[in-house]
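Please open the structure in a viewer and keep the selection panel at hand. The stops below are meant to be followed in order.

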Amino acid sequence: MAVTAKELAKELGISAAAVSMALNGKRGVSTATRKRVLALAQERGYDFSRLETSPAVETLTGTIALTIYRKHGAVLTDTPFFFELISGIEAACAQAHYSLNVHYISEETPVKAQLERLYYCNGMILLATEMKEEDFAPFLDFSVPLVVLDNYYASLPCDCVLINNRQGVGLAADYIMKKTKTQAGYLRSSYSIGNFEERADGFFMAVRANGYSASMSQVLSLAPSMEGAYQDMKELLNQGEQPVRCYFADNDLIAAGAVKALKEAGFRIPQDVAVIGFDDMPVCTYMEPALSTIRVPKQYMGKQAVLRLLSLLQDRDRDTMKIEINTKLVKRNSA
């Protein structure tokens with residue numbers, strides 16, 4: 001029996017309106033989502049001859065721009081974390097009958113010139129994971145309502161939706177230190193972004209809250225990718241670095257790379273060294289042992305950014321807000 005559009009939507013975890021847009025070749029979903037929908041539809045035997053245009057497609061309210069700012073690309077890569085974040089944005093836009101246009105901004109050419117070439121939009125969501133405070137200047141003069149996603153600066157006069165990093169790290173570090181009854185070490189990203197700076201604050205707060213001296217924590221600087229973290233950790237171990245009993249890592253990729261290097265060096269996980277990550281990416285369940293981590297509700301985060309932008313479109317005089325999305329501890333076998 002041929003699959004229905006509703007069944008496709010459920011299996012993909014996106015809205016039925018988004019599936020309809022993708023199947024009918026309408027604007028409002030990203031190229032990546034369109035490819036996913038079409039591939040699954042063909043695989044499941046969807047009857048393309050019976051396509052019908054969704055009423056939501058015919059009554060689009062307007063257009064929202066998702067602008068993805070790539071500064072160095074060390075963190076903002078095509079990982080499941082950002083795919084799920086964007087999926088949440090797409091679903092919320094489709095539900096509100098807004099078309100979504102995705103744009104990438106880089107520093108290779110002047111940012112202001114790139115913004116001027118954007119298609120018209122009613123409002124913008126700026127994925128600002130890699131941005132520094134000084135990078136926001138060209139966006140502050142943008143003529144439409146703006147919501148900053150996955151970053152925050154106190155001086156920025158914009159609405160922001162981001163992870164409650166300190167809360168998440170507090171859960172992770174407190175858990176691993178109580179479990180091992182020792183002071184945790186820190187596998188810190190060698191690339192600095194707002195999220196990682198907040199996680200550093202949360203880590204050292206948790207260390208002090210457990211009665212340890214923050215200055216006594218072993219801090220190892222590793223690249224924020226799995227291969228990069230593996231190579232960095234391997235080099236440190238070859239140089240004679242002795243691992244501590246447990247670690248918190250800035251993200252799951254750092255944790256996974258470090259675990260690989262530790263296991264190759266003969267350390268048992270978690271018997272000799274316990275490790276906990278942050279983000280709850282698919283790699284957590286693929287690796288051995290499965291990685292304990294902090295779950296970020298990524299799709300929900302994206303949806304909240306859209307909802308906040310929609311409220312700004314209705315009333316531009318609203319006071320700005322910082323919306324922090326809380327996280328959950330996921331206990332697996334690495335800690």
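The tour goes from a sheet to a helix and then to several charged pairs. The model is predicted.

**The sheet**

Begin by selecting strands E7, E6, E8 and E9. In that order, these 4 strands form an open sheet with parallel pairing. Its edge strands, E7 and E9, each pair on one side only. On average, neighbouring strands are turned by 20° against each other, direction ignored.

Next, restrict the view to E6 and E8, which pair in the parallel sense over 3 bridges. Select Tyr 186 and look across to E8, where its bridge partner is Phe 248. Then add H9: this helix packs on the sheet and touches E6, E7 and E8. The direction of H9 makes about 170° with that of E6.

**Helix H9**

Select residues 194–209 to isolate H9, a helix of 16 residues. From its first C-alpha to its last it reaches 23 Å, close to the 22 Å expected at 1.5 Å a residue.

Which residues of H9 are buried? Colour Gly 194, Asn 195, Phe 196, Glu 198, Arg 199, Ala 200, Gly 202, Phe 203, Phe 204, Ala 206 and Val 207 to display them. To see what covers these residues, show strand E5 (159–163) and helix H8 (165–180), together with strands E6 (185–189), E7 (219–222) and E8 (246–249), which are included in that cover.

Move just past the end of H9 to Gly 211, which takes a positive phi of about 85°.

**Charged pairs**

Side chains of opposite charge can pair when their charged atoms come close. The whole structure contains 10 salt bridges, and the following selections show some of them.

- Select Glu 197 and Arg 188: their salt bridge has its closest N and O atoms 3.3 Å apart. Glu 197 is partly exposed, at 34% relative accessible area, and Arg 188 is also partly exposed, at 24%.
- Select Arg 166, Glu 198 and Asp 201, which are linked in a network of salt bridges.
- Select Asp 272 and Arg 268, whose side chains meet in a salt bridge of 2.9 Å, N to O. Asp 272 is partly exposed at 27%; Arg 268 is partly exposed at 48%.
- Finish with Asp 280 and Arg 332, whose side chains meet in a salt bridge of 3.0 Å, N to O. Asp 280 lies in the loop between strand E9 (274–276) and helix H12 (283–286), and Arg 332 in the segment after strand E12 (328–330), so the pair ties together parts that are 52 residues apart in sequence. Asp 280 is buried, with a relative accessible area of 12%.

Definitions and conventions: Residues are numbered from 1 along each chain as its sequence is written. This is a predicted model: local features need pLDDT of at least 70, side-chain atom pairs count only at pLDDT 80 or more; totals for chains, interfaces and linings use all residues. Side-chain values use heavy atoms; hydrogens and water are left out. Helices (H or I, at least four residues) and strands (E, at least two) are DSSP runs, numbered from the N terminus. The expected span of a helix is 1.5 Å times one less than its number of residues. Buried means under 20% relative accessible area, exposed over 50%, partly exposed in between (1.4 Å probe, protein chains only). Contact means heavy atoms within 4.5 Å. A salt bridge is a side-chain nitrogen of Lys or Arg within 4 Å of a carboxyl oxygen of Asp or Glu. Two strands pair if DSSP finds at least two bridges between them. Axes are lines fitted to C-alpha atoms, for helices over the stretch in contact, and angles run from 0 to 180 degrees between N-to-C directions.
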